[in-house]
Structures are given as structure tokens and as C-alpha cells.
Amino acid sequence: MSIPQEGGGPIERYEQLAEYLASGEKPRDDWRIGTEHEKFGYCAKKQLPLPYEGPCSIQAMLEGLRDRFGWKPVEEQGKLIGLEQNGANVSLEPGGQLELSGAPLETIHQTCDEVNVHLREVHEVADAIGARFIGLGAAPIWSQDQMPMMPKGRYRLMTDYMDDVGTLGKQMMYRTCTVQVNLDFSSEADMVKKMRVALALQPVATALFANSPFLDGKPNGMKSWRSHIWQNLDDARTGMLPFMFEQGAGYDAYVEYVLDVPMYFVYRNGKYINALGQSFRDFLKGELPALPGEKPTLSDWADHLTTVFPEARAKKYIEMRGADGGPWRRLCALPAFWVGLLYNQSALDAAWDLVKDWDHETREGLRKVAAIDALQGEFGGVKLHDLARETVAIAKSGLAARACPGAGGMIQDETHFLNALEESVETGRVPADELLEKYHGEWNGDLSRIYTEYSY
């Protein structure tokens, strides 16, 4: 979840809303890569999720990272709820999932180094307090009642609201993890094309990274339960954004969409003010019931942009949101996949050619079958396995064309970060398939073995 914004000038003109998005435009040479990933922590002895406080806890993890590695603390109402260092931050999801939001970096080599350093730091602190971490898309055994709530006002407000607008919102908040990448755009037209490709091909990412086949200690009938949750959360703020494929799509259309999404909160003086279900349009007129007579700032708009959850999300950059959290080596594959597709013009054009003739029914249908069957999914004559093969090949060509060397020039480009995905394309198997095979085979239905075999 995003860190709240404060300050920012008042919104005096409607046009400022679109101008805020447009302010993210960057020339190609300034495009960067920001990788985010979440993971579940648990106390090793009891195999239960980390509470916020105690000797084996989230607070102890944050304090350990702060004290051993020089991270600066972020607090809310006197509680340690995050860390900052060199443009990166460590934050908490509602159920204590630990998230690294990486600094904006130039290459996959750099972002993968950042991920590896972070995981080594986490491992060192976790060892000291008796904790472990595991990369999965959904908590495999822990019940909803066993998940703690982190001391953040935003999460309490959202928790109270979720049952009013969907069926699985609380599961999303407390029992899921993802890996994402944030990428730049150069113009409105570039943003639109990248958003269209990102939305249309997000089911491929969902399939390739599917890693949540268990819930409440048994198979749940999905390969990506996390993706299924997002399809049953809140129709007003999730989905495939069909308007982005219409003529006239751009900053203004995205603004209109976000303005139609009911608000969660307003952040003032370190506190979250309940604005659940209220309208940002009313806020612009000074008629928000939560703050009568007060008009929003650009920071309020920035916060509201973080409360929409489509499969690809636009802010001052574009977020890819379709992948389950996963094992160490796939944390670098996700940014490689999208950078390869979107940061080389020939690759972007080729990816668009794959999907430009699809209608909304096809895009939505692929989203649904990806959650159920991963690479075995098919809708409207489109087979996800075949589509993944083509898409990964395009991504590889894009990375090769970028020709960004690593390891002091010993590695000529970033294509090797796609190795895990190429294996999936070759075999048709994704992490969920491996987990299910073990569960029904050598584990003999003993799902507790997932902790010993798949933890970091």
C-alpha cells in the first residue's frame, strides 16, 4: 500500500488533475524501473504470522533493519510502520506482509541487486528474532482470523468498508502478496499505448506467476487465488478498464474514471479522516461531508489515485499489478518481462499487434481463465500458453535491444532474467503447478511442508 502524501498546493482548476498525471512524462533516457514485492513473515517455531509487537514480530523486523542497516524510521501515531533509505522504502501491508518498494533504477541488473540486498538483510534480521519469510500469492494455511492488523489508520477504514462492496476484500488485504513493477512513459500517447498493452497482457503475467493454489490448508480450485480475489473485490475500483481502449483515451479519461471511484479517506496532520463512499467530485466543490467547506490539495488527489486497483494503474508512472508474489528468482523476472515489452519501441509495437483486435470480452475472459488454469487457460480461441510464448519472446527481444550490460560488462544484456519464464513457457508449468504436484505427491496432503521447503 502507498505511503500517504502531505502538502501539495490546492487544486484550483479541474485541469490540474490531468496535469498531475502528465507531470510524470519523462524522456526515454530518464525512464526508470521501480520494483515492489511483498512477502509473508511468520514465527518459525509456531508457523504463525508475525504479530505487530513482541520478540518475534513485525516491529522487531523493522527495528532490526533500522538498527543493523541504517534504514530511517517512518511512524504513524507513534508506531513504527515503515522505513526509508536511498529512494527505497519498506512498508507494511494490512496483515503484516513486508513490502520493499524499490528506488527508481536504470537497469534490471540494478533492481535485482537491490532485491537481493534487501532479502539478505531481511534474512539476517529474521534469523535473529526466530522468523522466516515465504514468497506466495496467498497465505496457504492461516485463516482470516489468524492474520494480525497493522497499526495504520488507512487499513482500519478499508477493512470496515470491504464487506459493503464485495466478497473477498479482506482476503486481499490480509492474505495476499504480489510482485509489481513501476514504469515510465514519455507522453500521453505513450501512456495510452503502454496501458493498453499492460492491461491486455496482464493475464499472461497472472498465468506465468500464478502461485496461490491453496487457502485454509487445502487446494482452492485456482492457480492464482490472489487474481480471483481481485475479480470479487470492488467493481468500482478494479478490472481491465475498457475505456482505455476507446477513442479519446488519455489523461482526461483516466481522471474521469478515478473521480467516479468512491473515496476511502483524507489524510490530515498524520491522521486518516473517514470519507468512505464519499465523492472526490464533491471534494473539488468544497462539499465533502468529511471536511465541509474544505477543498483538496494535489496530495489528496495523489492519495485518491492509490485507492483504485485496476490490473494496470496510472499515476505519474504505470504499475503492473497482475502477478502473484513468488520465489526469489521470479522477483527479478517480473520487471524483466514488462521492461522488455514496454521500454523498447519495436517490442511495444509487436506486443500491441498481438492484442489490438481483442474486444473487452476477450480481455476479461483471459483474466478469468488465467486465475483458474494459468498457462492451460483458453478463451475466445486464445490459448494463454501460446500467448505467453509469443509475449516472452517479444520481451526477450526488447531486452536484447536495450543491450544494458551488467556485472561490469561481463553480462551483455538483461535477457537472462527471463530464464524462469522461458522454462515455464517450455514446460507449461508455473509455480502453482509445482506446488499442487508436491501437495498431491510427496507431501501427501501435508501442506505444512510448504514452509520448510519454500521459505527464504
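What follows is a chat about reading helix packing, strand pairing, salt bridges and backbone angles in a predicted model.

Colleague: Let's start with helix packing. At what angle do the axes of H6 and H14 cross?

Modeller: For helix pairs, take the angle between the axes and then see which class it falls in; 65 to 115 degrees counts as roughly perpendicular. Here H6, residues 188–208, and H14, residues 384–402, cross at roughly 100 degrees, and their axes come within 10 Å. That makes H6 roughly perpendicular to H14.

Colleague: Which residues make that contact?

Modeller: On the H6 side you have Leu201, Pro203, Val204, Ala207 and Leu208, and on the H14 side Leu384, Leu387, Ala388, Thr391 and Val392. Sorted by type, the contact has nine nonpolar residues, one polar and no charged.

Colleague: And how does H6 pack with H13?

Modeller: Use the angle again, with under 35 degrees counting as roughly parallel. H13 spans residues 360–373, and its axis sits 8 Å from that of H6 at an angle of about 5 degrees. So H6 is roughly parallel to H13.

Colleague: What residues meet there?

Modeller: H6 brings Ala200, Pro203, Thr206 and Ala207, while H13 brings Arg363, Leu366, Arg367, Ala370 and Ala371. This contact divides into six nonpolar, one polar and two charged residues. Pro203 and Ala207 of H6 are in this list, and they also appear in the contact with H14.

Colleague: On to strands. Which way do the side chains of E6 point?

Modeller: With a strand, check the two faces separately, then look for its partners. In E6, residues 98–101, Leu98 and Leu100 point one way, and Glu99 and Ser101 point the other way. All four of these residues are buried.

Colleague: Which strands pair with E6?

Modeller: One is E1, residues 33–43, which pairs with E6 in the antiparallel sense over four bridges. Lys39 has Leu98 of E6 as its bridge partner. Another is E5, residues 88–92, also antiparallel to E6 over four bridges. There, Val90 stands opposite Leu100.

Colleague: How many residues lie between the strands in the hairpin of E5 and E6?

Modeller: Five, and one of the things to look at is Gly96, with a positive phi near 90 degrees.

Colleague: Where do I find positive phi in a residue other than glycine?

Modeller: When you spot one, note the angle, then the loop, then the exposure. Asp216 has phi near 55 degrees and sits in the loop between E9 (214–215) and E10 (218–219). Its relative accessibility is 41%, so Asp216 counts as partly exposed. Asn444 has phi near 50 degrees and belongs to the loop between H16 (431–440) and H17 (449–454). Asn444 counts as exposed because its relative accessibility is 70%.

Colleague: Now salt bridges. How many does the structure hold?

Modeller: There are 33 salt bridges. For any single pair, look at the N to O distance, then at how exposed each partner is. Take Glu19 and Arg13, whose closest N and O atoms are 2.9 Å apart. Glu19 is partly exposed at 38% relative accessibility, and Arg13 is partly exposed at 40%.

Colleague: Are Asp234 and Arg237 buried or exposed?

Modeller: Both are buried. Their salt bridge has its closest N and O atoms 2.8 Å apart.

Colleague: What parts does the pair Arg329 and Glu423 tie together?

Modeller: For that, place each partner in its element. The two side chains meet in a salt bridge at 3.3 Å, N to O. Arg329 lies in the loop between E16 (318–320) and H11 (330–342) and Glu423 lies in H15, so the pair ties together parts 94 residues apart in sequence. Arg329 is partly exposed at 47% relative accessibility, and Glu423 is partly exposed at 41%.

Colleague: Which residues are linked in a network of salt bridges?

Modeller: Arg313, Lys315, Glu319 and Arg321 are linked that way.

Colleague: Last one: where is Ile411 found, and what is it in contact with?

Modeller: For a loop residue, set aside the sequence neighbours and see what remains. Ile411 is in the loop between H14 and H15 (419–427). Leaving aside neighbours within four places in sequence, Ile411 is in contact with His109, Pro405, Gly406 and His416. Ile411 has a relative accessible area of 31%, so it is partly exposed.

Technical notes:
Residues are numbered from 1 along each chain as its sequence is written. This is a predicted model: local features need pLDDT of at least 70, side-chain atom pairs count only at pLDDT 80 or more; totals for chains, interfaces and linings use all residues. Side-chain values use heavy atoms; hydrogens and water are left out. Axes are lines fitted to C-alpha atoms, for helices over the stretch in contact, and angles run from 0 to 180 degrees between N-to-C directions. Angles under 35 degrees count as roughly parallel, over 145 as roughly antiparallel, 65 to 115 as roughly perpendicular and the rest as oblique. Contact means heavy atoms within 4.5 Å. Ala, Val, Leu, Ile, Met, Phe, Trp, Tyr, Cys and Pro count as nonpolar, Asp, Glu, Lys and Arg as charged, and the others, Gly among them, as polar. Buried means under 20% relative accessible area, exposed over 50%, partly exposed in between (1.4 Å probe, protein chains only). A salt bridge is a side-chain nitrogen of Lys or Arg within 4 Å of a carboxyl oxygen of Asp or Glu. Two strands pair if DSSP finds at least two bridges between them.
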